[in-house]
Amino acid sequence: MIIKRLTFCLALLSTTSVLAQLGNPFITASASMPADWDRQAAAKYMDGRQGWWMTWPKAQRDHGTACVSCHTAVPYALSRPALRHALGEAQPTETERTMLGYITKRVDLWDEVEPFYKDNPNGPTKSTESRATEAVLNAVILASYDARQSKLQDVTKKAFNDAWALQLTSGESKGAWIWLNFHNGPWESNESQYWGATLAAVGVGLAPDQYSSDPSIAKNLMLLRTYLTANYDKQPLINQIGLLWASARYPGLLNKLQREQLTEKIFACQAPDGGWSLTALAPWKRRDSTPLATSSDGYATGLVIYALEQAGLAHKRPQVRRAVTWLRQNQDHASGQWLAYSVNKQRDLSTDVGRFMSDAATGYAVMALEKADK
């Protein structure tokens with residue numbers, strides 16, 4: 001398995017090198033870029049994008065709320081508070097408060113709100129998929145904010161209870177959740193169920209007041225742990241990176257040998273410029289048959305570095321220093337964002353929909369850099 005992955009990564013890196021020599025527009029000439037990053041610009045970009053998302057008609061949901069999107073809302077919720085101290089902010093921004101208000105409203109009215117997507121015309125299982133996915137994301141986001149206050153709110157505990165009630169207790173995916181699947185990688189596709197389970201583990205690990213030791217969820221945690229560990233070996237690299245992140249928050253999910261082997265696989269896929277490409281982390285295939293972008297991107301690089309940092313595997317690693325340098329040098333200072341590219345189809349990166357991957361890239365790049373700067 002490791003040899004196969006190394007062969008794939010080496011082939012990809014060779015392709016990237018050739019494209020760079022041919023002047024591929026996705027390859028960034030980072031040597032000419034600034035050596036530091038702009039927190040204020042990143043915050044402005046993320047606030048603007050989350051604000052736009054919550055007012056976009058397609059994101060509107062019942063009871064005056066908005067969808068909790070994996071590409072924009074989740075990275076925003078996890079990363080925006082990390083900038084607060086450096087920017088001299090005393091409390092969450094208005095955009096954060098609006099987002100949290102929507103989430104807490106939906107948790108409070110869980111038995112009344114409609115699922116994000118209904119079975120018709122979206123598909124025969126979309127109500128069930130979106131309900132379970134939302135429950136997990138609500139709990140993770142609320143737990144991440146509670147962790148900063150060192151106090152588990154009642155609404156967060158209810159969000160977890162809603163998620164546990166929808167956890168699968170039988171079948172091949174026992175311990176996970178039925179996950180939203182529109183065949184859109186990396187968050188709404190066949191491999192996304194495992195990613196969702198790793199996020200649930202992250203949320204449990206983040207939750208304060210020793211929530212992970214609550215005897216009322218011991219059975220749920222056992223099911224989750226068993227699912228994650230039993231299915232680890234057959235996951236694409238991106239999901240294994242997700243488990244590395246989760247293992248830092250919820251210990252025991254990976255043993256020492258697995259961590260060492262995973263670290264080597266990750267570094268084997270590092271591009272010559274110091275970053276990572278999302279294309280290298282799973283066997284994606286675009287629906288429009290256009291070639292995948294093979295250059296380093298902010299999402300893959302930010303996610304990899306943040307997971308390594310959280311797991312305590314980044315200290316004094318030259319590969320990590322090179323990747324942090326790549327992140328510092330590849331922010332678009334005019335917009336504040338880091339670029340990333342769709343693995344589903346070729347998109348215009350200047351459009352609102354085309355920026356979805358860059359929303360995620362910016363969030364994870366911010367988390368990685370703020371951690372590196374501490």
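**Side-chain contacts, helices and backbone geometry in the predicted model**

The side chains of N220 and Q167 are joined by a polar contact of 2.9 Å. This contact, like every feature described below, comes from a predicted model. N220 belongs to helix α9, which covers residues 218-230, and with a relative accessible area of 16% N220 is classed as buried, because the limit for that class is set at under 20%. When residues up to four places away in sequence are set aside, N220 touches W164 and Q167.

Two helices toward the later part of the numbering were examined for their length and their buried residues. Helix α11 comprises the 13 residues 256-268, and its end C-alpha atoms are 19 Å apart, which agrees with the 18 Å that a helix of this length should span at 1.5 Å a residue. The N-terminal end of α11 is capped by N255, a side-chain oxygen of which lies 3.2 Å from the backbone nitrogen of L257. Within α11, the buried residues are Q258, L262, T263, K265, I266, F267 and A268. Helix α13, made up of 12 residues (318-329), reaches 17 Å from its first C-alpha to its last, close to the expected 16 Å. Its buried residues are V320, A323, V324, W326, L327, R328 and Q329, and the buried residues of α13 pack against α11, against α12 (298-310) and against α14 (356-372). In general, an α-helix has 3.6 residues a turn, so residues three or four places apart point the same way.

Helix α14, one of the packing partners of α13, also takes part in the lining of the largest pocket, to which α14 and α6 (126-149) each supply at least two residues. The helix that gives the most to this lining is α6, with 3 residues. The volume of the largest pocket is about 600 Å³, and its lining consists of 28 residues, among which H71, Y117, N184, E188 and F356 lie nearest the centre of the pocket.

E188, one of the residues nearest the centre of the largest pocket, is also a contact of H183, a residue placed in the loop between α7 (154-165) and α8 (192-206). Leaving aside neighbours within four places in sequence, H183 is in contact with E188, S189, N190, R287 and N344. Of these partners, N344 is separated from H183 by 161 residues in sequence, although the C-alpha atoms of H183 and N344 are 8.2 Å apart in space. The loop between α7 and α8 also holds P186, and the peptide bond that joins G185 and P186 is cis, with omega at about 0°. A cis peptide bond is likewise found from N120 to P121, where omega is near 5°; P121 is found in helix α5, which covers residues 119-122.

Positive phi values in residues other than glycine were also noted. Q210 is not a glycine, yet its phi is positive, at about 50°; this residue is placed in the loop between α8 and α9 and is exposed, with a relative accessible area of 68%. S289, which is likewise a residue other than glycine, has a positive phi near 65°. S289 is found in the loop between α11 and α12, and its relative accessible area of 62% makes S289 exposed.

Finally, the cysteines were considered for possible bonding. The number of disulfides comes to 0, when a pair of cysteine sulfur atoms is required to lie within 2.5 Å. C67 is in no disulfide, and the cysteine sulfur nearest to that of C67 belongs to C70, at a distance of 7.8 Å. For C70, in turn, the closest cysteine sulfur is that of C67, and C70 forms no bond with C67 because the 7.8 Å between the two sulfur atoms is too far. C67 is buried, with a relative accessible area of 9%, and C70, at 12% relative accessibility, also counts as buried.

Note on methods
Residues numbered from 1 in each chain as written. Predicted model: local features only at pLDDT ≥ 70, side-chain atom pairs only at ≥ 80, totals over all residues. Heavy atoms only, no water. Buried < 20%, exposed > 50% of the residue type's maximum accessible area, 1.4 Å probe, protein only. Helix = DSSP H or I, 4+ residues; strand = E, 2+ residues; numbered from the N terminus. Expected span 1.5 Å × (residues − 1). Polar contact = N/O pair within 3.5 Å; in protein donor to acceptor, adjacent residues only side chain to side chain. Contact = heavy atoms within 4.5 Å. 1 Å grid on protein atoms, 1.4 Å probe; cavity = no way out; pocket = protein on both sides within 12 Å on 5 of 7 lines; lining within 4 Å. Points joined across faces, edges and corners; volume = space filled by probe spheres on them.
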